[in-house]
Amino acid sequence: MFAIAVRFDLKDSDALRTFDALVPGLLEGIKEREPETLVYAVHTLDDAPLSRVFYEVYASREAHAFHEANPSTHLLLSQVESLTTSVRAEFLGAPIGKLF
């Protein structure tokens, strides 16, 4: 199992709207093409309305590499630099706790 949490801090409300408009296509691509993407959740932050956090769990590092090659993922990632002030990815260790 392999997990990542990624925080995207968007430049402004226009960038946020553009970013949020890309998310449904990304999620659809994941549902259609990525059976080994186990969890892909997009979160808002109560104290940072111009930020989004993606929580991603993959069956393996290879599944994550497959995700990175997905056209819908590539579309979002190709625009990230122009939309964000910062991006922070945290590669997570094995979870402890209740798993679904």
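**Exercise 1. List the residues that H67 touches, leaving out those up to four places away in sequence.**

Solution. Step 1: contact is taken as heavy atoms within 4.5 Å. Step 2: with residues up to four places away not counted, H67 touches L26, I30, E34, T37, Y40, E56, Y58 and T73. Step 3: keep the basis of these values in mind. The model is predicted, and local features need pLDDT of at least 70, side-chain atom pairs count only at pLDDT 80 or more, while totals for chains, interfaces and linings use all residues. Residues are numbered from 1 along each chain as its sequence is written, and side-chain values use heavy atoms, with hydrogens and water left out.

**Exercise 2. Place H67 in the fold and decide whether H67 is buried or exposed.**

Solution. Step 1: H67 sits in helix α2, residues 61–69; helices (H or I, at least four residues) and strands (E, at least two) are DSSP runs, numbered from the N terminus. Step 2: buried means under 20% relative accessible area, exposed over 50%, and partly exposed in between, with a 1.4 Å probe and protein chains only. Step 3: the relative accessible area of H67 is 1%, so H67 is buried.

**Exercise 3. Do the same for T73, and find its contacts beyond four places in sequence.**

Solution. Step 1: T73 belongs to helix α3. Step 2: its relative accessible area is 3%, so T73 is buried. Step 3: apart from neighbours within four places in sequence, T73 contacts L26, E34, H67 and E68.

**Exercise 4. Describe helix α3 and show how its buried residues are arranged.**

Solution. Step 1: α3 has 13 residues and spans 19 Å from its first C-alpha to its last, close to the 18 Å expected at 1.5 Å a residue; the expected span is 1.5 Å times one less than the number of residues. Step 2: the buried residues of α3 are S72, T73, L76, V80 and L83. Step 3: seen down the axis of α3, these buried residues fall within an arc of 90°, so they line one face of the helix; the arc is that of the directions from the helix axis to the C-beta atoms. Step 4: a general point about helices helps here. An α-helix has 3.6 residues a turn, so residues three or four places apart point the same way. Step 5: on the face turned away from the buried side, α3 carries the exposed residues P71, H74 and E81. Step 6: the cover over the buried residues of α3 includes β1, α1 (13–33), β3, α2 and β4.
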